[in-house]
Amino acid sequence: MSGRDLFCPPRRFRRGAALTLVFAGVLVTGAATGSFPEPDAAAPVASARRAAPSPKGAATGHEDVQRAAAEAMADGTSPMEAAERAVSRSGDRWGAVYSEGEYQEFQEALDGRYTGVGLWARRERDGRIEVTRVQPGSPAAEAGIRAGDRLRSVDGRKVDGRPVTEVVSLLRGDADDAAAGTTVTLGLERGTRAWTETLRRARLSTDSVTVRRLPGGVTIIRIAAFTKGSGDAVRAAVRQAPADGGIVLDLRGNSGGLVTEAVRTASAFLDGGLVATYDADGAQRSLHADTGGDTTRPLVTLVDGGTMSAAEMLTGALQDRGRAVVVGSRTFGKGSIQMPTGLPDGSVAELTVGHYRTPLGHAVDGRGITPDLEVAPDEAERRAETVLAGLGDPS
C-alpha cells in the first residue's frame, strides 16, 4: 500500500468512513461535492456553512441528524458528537460527520491543493517505509530527499510497521491541526547514511495525473484521484500520445473524487453516450460523455481493490461500452452517493442518498467490478502491455 501526504484519513477518523483508507472525505462522490448535475445545480459546496440542502429522499435521515445536533446545542453539549451518534445509529456505511475545518480541507483537496511536504511513500513487505516519489519544488525536494530513501521516523516517532495512512497523518501533523509553516522532523536513511531533516509544511498543488511512456510507444496515464482539472489533463495526455501506440489508464489506488472529472475523463475515450445512471430523490438520472473522444486507440484500464467510487464508475463505463479491456483485481465496491447538510455548529453530516449503475445496469456498491483479465499486482502492467499488443495497431 502506498500514499502521499495529501491522501490521508480525516483528522478524526469517522465510524461511517472507516473503510475510506485514503483521500477520505474526497470519497463523497456525487452531489456531496456538487459534482453530480442537478436540475437546480449550484456551485460546488465550498464550506460547511454553505452545504446544500438534502434531497427529499434522504430527508428523514438528515432530519434525525439535524434534530440531534440542535438538541445538543440547546443542552450545551457538542452538536457534532450528537450528530455522529445519530449517523452511527442510522447504519449508513458511508455516513459521516466532519468539522467545518475538515470539510473545507476536503474541498481544497478536490480543488487540487493540500498542506504537506510533498512525499509519496509505501510500506515494504518487511514493514519499512520507503519514499517512492518527491514532488518537484516541494519542501522535501528542496531538502534533497529522493525516491528510494527510507523514512525511519516522523517527529521522533518510529514509523516502521505503521500503516501508510498513519505515516501520512504524522507528516501532515493531523493530530495538531498543523498549518503551512509548521515544522516536521524526519528521520531518514540512504544506504549507510542516516540523518534527520526538519521541513516546513507548505501549501502545495497536486498533480493527480501523471504520464509516462514505455519504450514500445505505450503511454501510461495514471490518475491518483479525480481532482479539479484532472479530466482535462487526461484529455491533453491522450492528444499528445503517439498515434501508433496504445494507452494504459492506471486507476489502481484511485479512491474517487469529483464525478464531473471522471465523466470528463470518460469523454477522452468515448464519442458521447452513457457513462452511468444514478438514483437520487426517487428519480433516475444519467451522466453522458461529451462527443469527440478517441475511440480507436487500444486502451487497457488497470484496477485493484483500491479503485473506488468515481474511479469504479469510469471503469464500468469503459468496460460496458467495450472501449477498454480491464486488467487487475476486483475493485472496492463503492457505488453510493452522499449528500451534505450543514449543522448548527458549522459541522457537516453526510448520508447516503442514492446509488449509481454502469451503462449496462450493473450495480457497483458492495460488489465492485470484475476485471476482464484478473492478474497478480506485480504482473498487471506487463500483462497490460501484452493485451495492448494483441489489440493491434489502431490504424
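**Exercise 1. Work out whether glutamate 189 is buried or exposed, and what its side chain meets.**

Step 1: Start with the cut-offs: buried means under 20% relative accessible area, exposed over 50%, and partly exposed in between (1.4 Å probe, protein chains only). Glutamate 189 comes in at 19% relative accessibility, so it counts as buried.

Before going on, a word on the source: this is a predicted model, where local features need pLDDT of at least 70 and side-chain atom pairs count only at pLDDT 80 or more, while totals for chains, interfaces and linings use all residues. Residues are numbered from 1 along each chain as its sequence is written, and side-chain values use heavy atoms, with hydrogens and water left out.

Step 2: Place the residue. Glutamate 189 sits in strand 8 (residues 183-190). Helices (H or I, at least four residues) and strands (E, at least two) are DSSP runs, numbered from the N terminus.

Step 3: Look for its contacts, meaning heavy atoms within 4.5 Å. Skipping neighbours within four places in sequence, glutamate 189 is in contact with Arg128, Asp149, Arg150, Arg152, Ala194 and Trp195.

Step 4: Pick out the polar contact (a pair of N or O atoms within 3.5 Å; within protein, one must be able to donate a hydrogen and the other to accept it, and residues adjacent in sequence count only if both atoms are side-chain atoms). The side chains of glutamate 189 and arginine 152 make one at 2.8 Å.

**Exercise 2. Do the same for glutamine 284: is it buried or exposed?**

Step 1: Find it in strand 15 (residues 283-288).

Step 2: Check its relative accessible area, which is 61%; glutamine 284 is exposed.

Step 3: List what it touches. Not counting residues up to four places away in sequence, that's Thr277, Tyr278 and Asp279.

Step 4: Now try histidine 355, which is 71 residues from glutamine 284 along the chain: their C-alpha atoms are separated by 9.9 Å.

**Exercise 3. Trace the open sheet that holds strand 16: in what order do its strands come?**

Step 1: Two strands pair if DSSP finds at least two bridges between them. The sheet has 6 strands in the order 11-12-13-16-17-20, with mixed pairing.

Step 2: Go to the edges. Strand 11 (209-213) and strand 20 (373-374) each have a single partner strand, so one side of each is left without a neighbour in the sheet.

Step 3: Walk along the pairs. Strand 13 (residues 247-250) and strand 16 (residues 299-303) are parallel over 4 bridges, with leucine 249 partnered by threonine 301. Strands 16 and 17 also run parallel, joined by 4 bridges, and here leucine 302 has valine 327 as its bridge partner. Strand 17 then joins strand 20 through 2 bridges, again in parallel; valine 327 stands opposite leucine 373.

**Exercise 4. Explain why helix 8 is described as largely enclosed.**

Step 1: Count the buried residues. For helix 8 (residues 310-320) that's 11 of the 11, so the helix is largely enclosed by the rest of the structure. Charged residues are among them, including Glu312 and Asp320.

Step 2: See what lies against it. Helix 8 lies across strand 13, strand 16 and strand 17 (325-328), at about 145° to strand 16. The axes are lines fitted to C-alpha atoms, for helices over the stretch in contact, and angles run from 0 to 180 degrees between N-to-C directions.

Step 3: Follow the chain out. Just after helix 8, glycine 322 takes a positive phi of about 70°.
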